[in-house]
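Here is a walk through one protein structure, stop by stop. Have the picture open beside you and follow along.

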Amino acid sequence: MKFTLKDIVFAAIIAAAMNVISYVTVPLVVAVPLPGIRVIVVAPFYGLLTALALMRINKPGTVTLISFLTGAVLVFISPVILVFLLASGIIADLLIYFFWRDLKKPKNIILGTAVYLAAMVPFGSLFGAIMTYHTPVGELLTQSWLILGAALLSFLLGALGGFLGVKAGKELQGVSLMK
């Protein structure tokens, strides 16, 4: 399936909303030396928006498209952001495609959003260490429990956001504001 212009415009609106959310929330925690904290604070919001996108667009590659559009704007801050967003989007899209293909089921949308956000934590830590040399890769191994905990928390918060997104999407569909 190909993306229509309407799909791309909707994905761009979702990506813009994600960027606004990250511009507001991430500066509040940027100084906290906890791996994954930046993903944790955006997880419920990204989960909600990703769920709305999956309900509206409902095509393979949706999460990757949103990740690209979100990361393309943030690439000027750090190329690492684009790389880990794309990697997370690809993982989520592959799992959705192979295991949770029927996006009419709320459970599949919620799982897709939760995996997307959980994948951001290890990918962000790994690619951040590799590309910026800020944290030695060996130090990531000593922080593996923190990274795993942050990924689990991001998974749960992403699932919560996905749940709320499905509820909001059904309401929007009910009043014909979303197909």
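## Starting with a long stretch of helix

In helix 7, the buried residues are Ile147, Ala150, Ala151, Ser154, Gly158, Ala159, Gly161, Gly162, Gly165, Val166 and Gly169. Before going on, keep in mind that this is a predicted model.

How far should helix 7 span? It runs over residues 144-174, and at 1.5 Å a residue its 31 residues should cover 45 Å. The end C-alpha atoms are 44 Å apart, so the expectation and the model agree.

Just past this helix you meet Val175, which sits in the segment after helix 7. Is Val175 buried or exposed? Its relative accessibility is 56%, and anything over 50% is called exposed, so Val175 counts as exposed. If you look for Val121, you'll find it 54 residues away from Val175 in sequence and 36 Å away in space, going from C-alpha to C-alpha. Ser176 also follows helix 7, and its phi is positive, near 60°.

## Across to helix 2

Now pick out Pro44, which lies in helix 2. Pro44 and Gly158 are 114 residues apart in sequence, yet their C-alpha atoms are 4.9 Å apart in space. Gly158 is one of the buried residues of helix 7. Setting aside neighbours within four places in sequence, Pro44 is in contact with Leu157 and Gly161. Pro44 has a relative accessible area of 22%, so it is partly exposed.

Between helix 2 and helix 3 there is a loop, and Asn58 is found in it. Asn58 isn't a glycine, but it has a positive phi of about 55°. With 25% relative accessibility, Asn58 counts as partly exposed.

Move on to Thr62, in helix 3 (residues 62-74). Thr62 has 0% relative accessibility; under 20% means buried, so Thr62 is buried. What does the side chain of Thr62 reach? It gets to the backbone oxygen of Lys59, at 2.6 Å. Not counting residues up to four places away in sequence, Thr62 also touches Phe3, Ala53, Leu54, Ile57 and Asp93. Asp93 is one of the buried residues of helix 4.

## Helix 4 and the core

Helix 4 (residues 79-98) gets the same kind of length check. Its 20 residues, at 1.5 Å each, should span 28 Å; the end C-alpha atoms are 29 Å apart, so this agrees. The buried residues here are Val80, Ile81, Leu82, Phe84, Leu85, Ala87, Ser88, Gly89, Ala92, Asp93 and Ile96.

Ser88, found in helix 4, has 0% relative accessibility and therefore counts as buried. Leaving out neighbours within four places in sequence, Ser88 is in contact with Tyr116, Ala119, Met120 and Phe123. Seen from the other side, and again not counting residues up to four places away, Met120 touches Val39, Tyr46, Phe84, Leu85 and Ser88.

Met120 leads us to the largest nonpolar core, which has 44 residues. Those with the most contacts inside this core are Ile14, Met18, Tyr46, Ile109, Tyr116, Leu117 and Met120. Which elements give two or more residues to the core? They are helix 1 (5-29), helix 2 (37-57), helix 3, helix 4, helix 5 (106-132) and helix 7. Helix 2 gives the most, with 12 residues.

## Rings and their partners

How many aromatic pairs does a search of the whole structure find? The count is 1. The pair is Tyr97 with Phe98, and it is edge-to-face, with 5.2 Å centre to centre and 80° between the planes. Tyr97 has a relative accessible area of 37%, so it is partly exposed, whereas Phe98, at 56% relative accessibility, counts as exposed.

Tyr97 turns up again in the table, where each arginine lies over the face of a ring.

| Arginine | Ring it lies over | Distance from the ring centre |
|---|---|---|
| Arg56 | Phe10 | 5.6 Å |
| Arg101 | Tyr97 | 3.9 Å |

So Tyr97 has Phe98 as its partner in the edge-to-face pair, and Arg101 over its face.

Note on methods: Residues are numbered from 1 along each chain as its sequence is written. This is a predicted model: local features need pLDDT of at least 70, side-chain atom pairs count only at pLDDT 80 or more; totals for chains, interfaces and linings use all residues. Side-chain values use heavy atoms; hydrogens and water are left out. Helices (H or I, at least four residues) and strands (E, at least two) are DSSP runs, numbered from the N terminus. The expected span of a helix is 1.5 Å times one less than its number of residues. Buried means under 20% relative accessible area, exposed over 50%, partly exposed in between (1.4 Å probe, protein chains only). A polar contact is a pair of N or O atoms within 3.5 Å; within protein, one must be able to donate a hydrogen and the other to accept it, and residues adjacent in sequence count only if both atoms are side-chain atoms. Contact means heavy atoms within 4.5 Å. Rings of Phe, Tyr and Trp (its six-membered ring) pair if their centres lie within 6.5 Å; planes under 30 degrees apart count as stacked, over 60 as edge-to-face and the rest as tilted. A charge sits over a ring if NZ of Lys or CZ of Arg is within 6 Å of the ring centre and within 35 degrees of the ring normal. A nonpolar core is a set of buried Ala, Val, Leu, Ile, Met, Phe, Trp, Tyr and Cys residues joined through side-chain atoms within 4.5 Å.
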